[in-house]
Amino acid sequence: MSAGVTISSMSTYAILGCGSVGYAVAEDLVEEGKDVLILDKDESRVESLRDQDLNAQQTDIADAGVAEAVSDRDVVLILASDVEANKAAVSAIRERGGDQFVVVRASDPVSEDELEELGADVVINPSEVIADSALRSLESGELEYKARQLAEVLEGASDGLAVLTHDSPDPDSIASAVALQAIAREHGIDAVINYDGEIGHQENRAFVNLLGIELVPLSEGKPLSEYGAVALVDHMKSGDPDIDAEIDIFIDHYEPDEGIDAAFTDVRPNVSSTSTILTKYLQEFNISPSEAVATALLYGIRSETLDFKRETTPADLTAAAYLYPFANHDTLEQVESPSMSPETLDVLAEAIQNREVQGSHLVSNAGFIRDRDALGQAAQHLLKLEGITTTAVFGIADDRIFLSARSKDIRMNIGKILEDAFEGIGETGGHSTQGDVEIPLGIFTGIETSDDNRDTLLSLTEEAVRRKLFEAMGVESTESANGN
């Protein structure tokens with residue numbers, strides 16, 4: 001056999017039952033130059049097929065002899081509308097010991113199971129195929145409609161577009177903002193990316209610096225009211241938006257607790273990253289992403305799905321596959337392997353030393369910290385410990401308690417747990433796999449921080465925070481600190 005010849009080009013085919021479905025398949029196979037034998041019990045239909053120069057024979061496919069008639073065929077497609085006849089044909093072929101690849105038509109889920117048990121390799125339910133096709137068409141048409149809506153909003157923003165990430169933005173939020181900025185510019189609208197908080201994580205700083213992404217702190221930019229439109233992308237990780245401006249565009253993969261009154265809204269909880277949504281819009285607008293935009297979006301998807309190991313959907317995978325040829329993979333490698341700062345190393349060391357483990361839940365106190373973002377990195381690192389599914393690391397800085405939590409337990413929504421534990425006493429934000437809390441220190445102690453009372457405050461805070469966390473997780477703290 002020549003190396004260039006594929007199995008499909010060598011296959012011979014038999015079609016059993018040539019109604020509308022069988023005829024459509026036969027026509028396509030013959031057009032591709034395939035050797036096709038058609039068997040059908042309707043004499044007039046067989047004559048009509050022969051008049052079209054098709055190789056057709058009159059045979060009742062329910063008869064056991066059908067197995068011998070197709071014994072020299074590699075692929076058998078049993079496509080009659082009579083499911084009982086289809087069952088008989090499958091049984092006859094398998095009882096004869098035929099090893100052909102058998103594709104058969106079912107009529108409902110029950111007959112699907114029965115045909116699989118009889119030995120069919122592939123079972124097709126036409127109603128499901130039609131439904132899938134209709135849904136794909138609906139999805140395509142909906143995206144086209146949404147893209148027109150988005151274009152109208154962008155084109156009306158003659159005074160420019162402000163794109164807001166969530167507070168202390170992560171790669172998914174930054175990448176989504178970069179993509180929307182590119183789409184706006186394709187529509188002749190200047191766009192500025194604003195953020196609040198800090199870009200503290202080493203990977204996030206490397207991500208922004210290596211790709212040359214320009215982010216403007218919200219406090220340093222012009223007032224949002226001076227822009228033609230304001231967009232929030234991937235903003236729900238900060239909780240429900242509290243923006244002192246009218247929101248015109250809202251795009252996220254997390255649903256807000258309350259409805260967002262925006263001219264354009266696209267919320268898709270059925271995908272795992274907002275970068276996936278923005279990639280679909282680039283494709284719909286027929287915009288080839290620049291290397292920087294493609295690299296940012298690909299990293300946003302990979303980061304949000306833990307490199308496709310967490311809650312990854314087919315849409316995330318197809319978006320990543322589209323972006324892959326455009327992205328700079330050397331830059332991605334640099335972003336994903338940044339050096340760890342001394343501050344982060346110190347926080348991680350403290351968190352390891354002070355950890356308390358109850359079941360699969362770990363809570364730790366990192367003490368007094370300088371870099372609050374290091375808490376999230378410590379929580380992520382501790383999640384790799386054997387048997388641990390949920391982590392929470394907290395520390396004190398500037399008279400406030402900062403806490404960061406991570407979870408890979410699909411039964412738990414860590415963002416909701418933090419909200420339940422600290423509602424009314426602190427600011428919480430997050431979702432099913434991660435969350436953050438900021439609490440005024442005086443809530444727990446009523447004492448102002450000084451050099452003389454730091455250790456006392458830390459001890460009081462640690463006890464209160466651990467207790468609240470474990471209670472919200474449904475376990476009791478034993479005040480053990482080594483996790484053994």
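Start by selecting Phe101, Val122, Ile124 and Val129: together they make a nonpolar patch on the surface. Their combined accessible area comes to about 300 Å². Keep in mind as you look around that this is a predicted model.

Now narrow the selection to Val129. You'll find Val129 in helix α7, which covers residues 126-155, so colour that stretch if you want to see where the residue sits. Is Val129 buried or exposed? Neither, quite: its relative accessible area is 44%, and because that value falls between the 20% and 50% cut-offs, Val129 counts as partly exposed.

Next stop, a charged spot. Select Glu27, Asp28, Glu31 and Glu32, and you have a patch of negative charge on the surface. Which part of the chain holds Glu32? Click on Glu32 and you're in the loop that links α2 (20-31) with β2 (35-40). Glu32 has a relative accessibility of 57%, and since the cut-off for exposed is over 50%, Glu32 counts as exposed.

Time to zoom out. Switch to a cartoon view of the whole protein chain, where there are 18 helices and 18 strands to trace. Turn the chain along its principal axes: the C-alpha atoms fill a box of roughly 100 × 60 × 45 Å. How does the radius of gyration fit with that of a compact globule? The protein chain has 30 Å, whereas a compact globule of 484 residues would come out near 23 Å.

For a last look, colour by accessibility: 49% of the 484 residues in the protein chain count as buried.

How values were computed:
Residues numbered from 1 in each chain as written. Predicted model: local features only at pLDDT ≥ 70, side-chain atom pairs only at ≥ 80, totals over all residues. Heavy atoms only, no water. Patch = residues over 30% accessible without salt bridge, like charges linked within 9 Å, V, L, I, M, F, W, Y side chains within 5 Å. Areas by Shrake-Rupley, 256 points an atom, 1.4 Å probe, with all protein chains shown as cover. Salt bridge = Lys/Arg side-chain N within 4 Å of Asp/Glu carboxyl O. Lys, Arg positive; Asp, Glu negative; His and termini not counted. Charge placed at Lys NZ, Arg CZ, Asp CG, Glu CD. Helix = DSSP H or I, 4+ residues; strand = E, 2+ residues; numbered from the N terminus. Buried < 20%, exposed > 50% of the residue type's maximum accessible area, 1.4 Å probe, protein only. Rg over C-alpha atoms; globule rule 2.2 N^0.38 Å.
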